[in-house]
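User: I would like a close look at a single part of this model, followed outward to whatever it touches. Please take your time and keep the reasoning connected.

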Amino acid sequence: MRTDMSDWQHDAASLLAWYVEAGVDLAIDDGPHDRFATPAPAPAAPVASPPPRQHAAAAPMAAAALSPEEAADSARTLAATAESLDALRALLLAFEGCALKATATQLVFGDGDRQARVMLVGEAPGREEDRAGKPFVGRSGQLLNRMLAAIGLERAEVYIANVVPWRPPGNRTPTPQETAICKPFIERQIALVDPDVLVCLGGPSAQTLLAQRDGILRLRGKWFDFTTHKRTIRALATLHPAYLLRQPTHKKLIWRDLRALKAVLDGQG
């Protein structure tokens, strides 16, 4: 066993840095636990006495919790009532049907030109987005800005959002239930922006919004139809900037997609 406190402190700092890099920034208790300690014997259970009558009303509150299907139905009903992006944002701020809201720092709604010709949709916010309250502001966002600039678009000229507007703990992948609950809100958000072109960044976004099963390497570069309840617009599936940070050799693939997007915006595709 080490007795040098400086070595111990160095190891602890390294471990913490590794956790932060991995996106683990949420404690589930106030203090550490020794998982290897022998558990203390459980105290003898006292004889239960009947609960006071005035507490009987607490049971219906637990029963009133929505199932994932009920939460998705509630989201669909609420989203349909929003007549503006501000109204939709207010509905999301008040919505309690998605558990991710309780662990996220804040809502990450959308950013950019609300009347943009191009709307880009990713999967969910990361740590930097959760802190800033805006989508795509971390390393992925910086790369996305450069990708747009390559075809003559400024970030302020497009609108950017995510399928899920709250960061999942530890940057984990949203569950199918969480995605289904949030889907009506992003669909309404797209309808309210009413872009000429929808760009799905990454497989989860394309699969959710375009009802596809294939992975992104099969979907990318393909055009689909997306109905906004006002009209049918063109939708393009492409690679997520975070994927390109891990696989930079695939930047040539997204360059082809960006050129195709540019051609459509110029009326040549």
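At which residue of H8 does a kink lie, and which proline comes shortly after that residue?

Analyst: The model is a predicted one, and what follows should be read with that in mind. The kink in H8 lies at Cys182, amounts to about 40°, and comes shortly before the proline Pro184. The helix that carries this kink runs over residues 176-193, and its 18 residues reach 25 Å from the first C-alpha to the last, which is close to the 26 Å expected at 1.5 Å a residue. The end-to-end span of H8 is thus close to the expected value, while the local axis bends by about 40° at Cys182.

As for its surroundings, H8 is largely enclosed by the rest of the structure, because 13 of its 18 residues are buried. For the chain as a whole, buried residues make up 38% of the 269 residues, and the chain, which contains 12 helices and six strands, exposes about 16200 Å², with carbon and sulfur atoms supplying 55% of that area.

One of the residues of H8, Phe185, takes part in the one aromatic pair that the structure holds. Its partner is Phe95, and since the ring centres are 5.1 Å apart and the planes stand at 65°, the pair is edge-to-face. Phe95 lies in the loop between helix H4 (85-94) and helix H5 (100-103), whereas Phe185 belongs to helix H8, so the pair ties together parts that are 90 residues apart in sequence. Both Phe95 and Phe185 are buried.

Following the chain out of the helix, one meets Asp194 just after H8, where the backbone takes a positive phi of about 55°. The side chain of Asp194 forms a salt bridge with Arg231, the closest N and O atoms being 3.0 Å apart. This pair links distant parts of the chain, with Asp194 in the loop between H8 and S4 and Arg231 in the loop between strand S5 (223-227) and strand S6 (232-238), 37 residues apart. Asp194 counts as partly exposed, because its relative accessibility of 21% is not under the 20% that defines a buried residue; Arg231, with a relative accessible area of 32%, is partly exposed as well.

The loop that follows H8 holds a further charged residue, Asp196, whose side chain meets that of Arg117 in a salt bridge (2.9 Å, N to O). Asp196 lies between H8 and strand S4 (197-201), and Arg117 lies in the loop between strand S1 (111-112) and strand S2 (118-122), so this pair ties together parts that are 79 residues apart in sequence. Asp196 is partly exposed at 30% relative accessibility, and Arg117 is partly exposed at 43%. Salt bridges that share partners join Arg117, Asp194, Asp196 and Arg231 into one network.

A search of the whole structure finds 13 salt bridges, and one of them, between Arg76 and Asp73 (2.8 Å, N to O), offers a useful contrast in sequence separation. Arg76 and Asp73 are three residues apart in helix H3 (residues 68-81), and are therefore separated by about one helical turn, whereas Asp196 and Arg117 tie together parts 79 residues apart. On the scale of the chain, among contacts between residues at least 6 apart in sequence, 71% join residues at least 24 apart.

Definitions and conventions: Residues numbered from 1 in each chain as written. Predicted model: local features only at pLDDT ≥ 70, side-chain atom pairs only at ≥ 80, totals over all residues. Heavy atoms only, no water. Helix = DSSP H or I, 4+ residues; strand = E, 2+ residues; numbered from the N terminus. Expected span 1.5 Å × (residues − 1). Bend = angle between axes of the 7 residues up to and from the residue. Buried < 20%, exposed > 50% of the residue type's maximum accessible area, 1.4 Å probe, protein only. Salt bridge = Lys/Arg side-chain N within 4 Å of Asp/Glu carboxyl O. Contact = heavy atoms within 4.5 Å. Areas by Shrake-Rupley, 256 points an atom, 1.4 Å probe, with all protein chains shown as cover. Phe/Tyr/Trp six-rings, centres within 6.5 Å; stacked < 30°, edge-to-face > 60°.
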